[in-house]
Amino acid sequence: MGVLFKQYLSGDKIYTCSQCKTHCTDHGQLISKAFQGRHGRAYLFSDVVNVTLGPREDRMLITGLHTVCDCYCITCNSVLGWKYEVAYEESQKYKEGKYILEKAKVQKEGSW
Ligand SMILES: [Zn+2]
């Protein structure tokens, strides 16, 4: 693994890793809060920074079969959620390339 550079986001509504406060994404990237993670509620974001991806795996979710990668915080290595690589149902294609962050794994920072 190479050297990982942490990115700092400049928005005033930032989501951070709840363990180490590394910036993950900002409110402008939020697509939906109506998702279910492994630990309860989860949010769908169009882009997330400061994560590394695990191996691709096929997972049967509530909404059908998807190929996903778990995403880990680059600083503390906590699993924050996953990335949708492939969605096989036509109605779920909008999720491809997007990220799920578990509500329990992220915190809000800034002026909400
Ligand atoms: Zn972290």
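Lys-21 is partly exposed, because its relative accessible area is 42%. This residue sits in the loop that links strand S1 (13-17) to strand S2 (23-26). Its backbone is notable: phi is positive, about 70°, although Lys-21 is not a glycine. The model is predicted.

Asn-50 offers a second case. Its phi is near 60°, again a positive value in a residue other than glycine. Asn-50 belongs to the loop between strand S4 (40-45) and strand S5 (51-61). Here the relative accessibility is 7%, so Asn-50 counts as buried.

**Zinc site**

Which residues hold the zinc ion? The protein donors are the SG atoms of Cys-17, Cys-20, Cys-73 and Cys-76. They lie 2.2 to 2.3 Å from the metal. Along the chain, the donors follow the spacing C-x2-C-x52-C-x2-C.

Why is the arrangement tetrahedral? The four donor atoms subtend angles of 102 to 117° around the zinc ion, and that makes it so. Four donors count as tetrahedral if all angles lie between 85 and 135 degrees.

Two of the donors can be placed by accessibility. Cys-17 has 0% relative accessibility and therefore counts as buried. Cys-20 has a relative accessible area of 25%, so it is partly exposed.

**Cysteines and disulfides**

How many disulfides does the structure contain? A search of the whole structure finds zero. Cys-24 is in no disulfide, and its nearest cysteine sulfur, that of Cys-17, is 5.8 Å away. Cys-24 is buried, given a relative accessible area of 1%.

Cys-71 is also unpaired by distance. Its sulfur lies 8.2 Å from the closest cysteine sulfur, in Cys-24, which is too far for a bond. A disulfide needs the two sulfur atoms within 2.5 Å. Cys-71 is buried, with a relative accessible area of 0%.

**Accessibility of selected residues**

| Residue | Relative accessible area | Class |
|---|---|---|
| Cys-17 | 0% | buried |
| Cys-20 | 25% | partly exposed |
| Cys-24 | 1% | buried |
| Cys-71 | 0% | buried |
| Lys-83 | 15% | buried |
| Tyr-99 | 8% | buried |
| Asp-58 | 53% | exposed |

**The chain as a whole**

The chain has nine strands and zero helices. Its radius of gyration is 14 Å, close to the 13 Å that the globule rule gives for 112 residues, so the chain is as compact as a globular protein of that length. The C-alpha atoms fill a box of roughly 35 × 35 × 20 Å along the principal axes.

Of the 112 residues, 42% count as buried. Take the contacts in the chain with a separation of 6 or more: residues 24 or more positions apart account for 47% of them.

Confidence comes next. The pLDDT averages 94 over the chain, and 97% of the residues score at least 70. Which element has the lowest mean pLDDT, and which the highest? Strand S3 (residues 30-37) has the lowest, at 94, while strand S8 (residues 99-102) has the highest, at 98.

**Tyr-99 and Lys-83**

Tyr-99 lies in strand S8. Its relative accessible area is 8%, so Tyr-99 is buried. Beyond its neighbours within four places in sequence, Tyr-99 is in contact with several residues, including Tyr-43, Leu-44, Phe-45, Val-51 and Trp-82. Cys-71 and Lys-83 are also among its contacts. Tyr-84 is 15 residues away along the chain, yet its C-alpha atom is separated from that of Tyr-99 by 6.3 Å.

Lys-83 is found in strand S7 (residues 79-87). Is Lys-83 buried or exposed? At 15% relative accessibility, Lys-83 counts as buried, because the cut-off is under 20%. Not counting residues up to four places away in sequence, Lys-83 touches Leu-53, Thr-67, Val-68, Cys-69, Gly-97, Lys-98 and Tyr-99.

**Asp-58**

Asp-58 lies in strand S5. At 53% relative accessibility, Asp-58 counts as exposed. Which residues does Asp-58 touch, leaving out those up to four places away in sequence? They are Leu-65, His-66, Thr-67 and Tyr-88. Cys-69 is eleven residues from Asp-58 in sequence, and the two C-alpha atoms are 8.8 Å apart in space.

Key
Residues numbered from 1 in each chain as written. Predicted model: local features only at pLDDT ≥ 70, side-chain atom pairs only at ≥ 80, totals over all residues. Heavy atoms only, no water. Donors = N, O, S within 2.8 Å, 3.2 Å for Na, K, Ca; no water. Tetrahedral: all angles 85-135°; square planar, octahedral: opposite > 155°, others 65-115°. Buried < 20%, exposed > 50% of the residue type's maximum accessible area, 1.4 Å probe, protein only. pLDDT = per-residue confidence, 0-100. Helix = DSSP H or I, 4+ residues; strand = E, 2+ residues; numbered from the N terminus. Rg over C-alpha atoms; globule rule 2.2 N^0.38 Å. Contact = heavy atoms within 4.5 Å.
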